[in-house]
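Colleague: Please take a close look at one part of this model, the part where its nonpolar core comes together, and set it against the rest of the chain.

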Amino acid sequence: MTLRVSHSGMSCYRECPHKYYLSRVEGIRPVKVSRALRFGSAMHKALEIIWGGGDSPLLEEWANIAAKYELDMEDQILGRLLLVGYSKMYLIPEGADVECHFENEVVSPGGEVEDFTFQGFIDVETPGY
């Protein structure tokens, strides 16, 4: 007999053996979805739009996605910042530098431009390499 247990399964068991039994043996899942899972699912949906060539502007779509996944304001802003950086990283021309600088205004989910900018550097792998 072989027993296979993942790292997350062991963590779950250490946290609460009964929770492990209910979730891993009986297959009962909690009704409430964690914040991290909602955020990750929303980011995946946004990346599908980037790679699928959607017609709507990405940040407008992000507002709809954030509402669908019931993200709080902090996660909405974090997602917008990550998507801007991700877009900059993958929309550079071939042969660009290894490190790409970006700077953008921060716009609240309500559409107001904030008094500060989001800027930084992203390591870039040029497409085709």
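Modeller: Of the contacts (heavy atoms within 4.5 Å) in the chain between residues at least 6 apart in sequence, 44% join residues at least 24 apart. This is a predicted model, in which local features need pLDDT of at least 70 and side-chain atom pairs count only at pLDDT 80 or more, while totals for chains, interfaces and linings use all residues. Residues are numbered from 1 along each chain as its sequence is written, and side-chain values use heavy atoms, with hydrogens and water left out.

The chain has five helices and two strands (DSSP runs numbered from the N terminus: H or I of at least four residues for helices, E of at least two for strands). From the N terminus on, their order is α-α-α-α-α-β-β. Of the 129 residues in the chain, 26% are buried (under 20% relative accessible area with a 1.4 Å probe, protein chains only; exposed is over 50%, partly exposed in between).

Helix H4 covers residues 58-68, and its buried residues are Leu58, Trp62, Ile65 and Ala66. Seen down the axis of H4, these buried residues fall within an arc of 100° (taken from the directions from the helix axis to the C-beta atoms), so they line one face of the helix. The face turned away from that buried side carries Glu60, Ala67 and Lys68, which are exposed. Just after H4, Glu70 has a positive phi of about 55°.

Leu58, Trp62, Ile65 and Ala66 also belong to the largest nonpolar core (buried Ala, Val, Leu, Ile, Met, Phe, Trp, Tyr and Cys residues joined through side-chain atoms within 4.5 Å), together with Phe39, Ala42, Met43, Ala46, Ile49, Leu71 and Leu83, eleven residues in all. Helix H3 (35-52) and H4 each supply at least two residues of this core. The most come from H3, which gives five. In soluble globular proteins, nonpolar side chains tend to be buried together.

For comparison, Ser23 is a residue of another helix, H2. Ser23 is buried, with a relative accessible area of 10%. Beyond its neighbours within four places in sequence, Ser23 is in contact with Cys12, Ile28 and Arg29.
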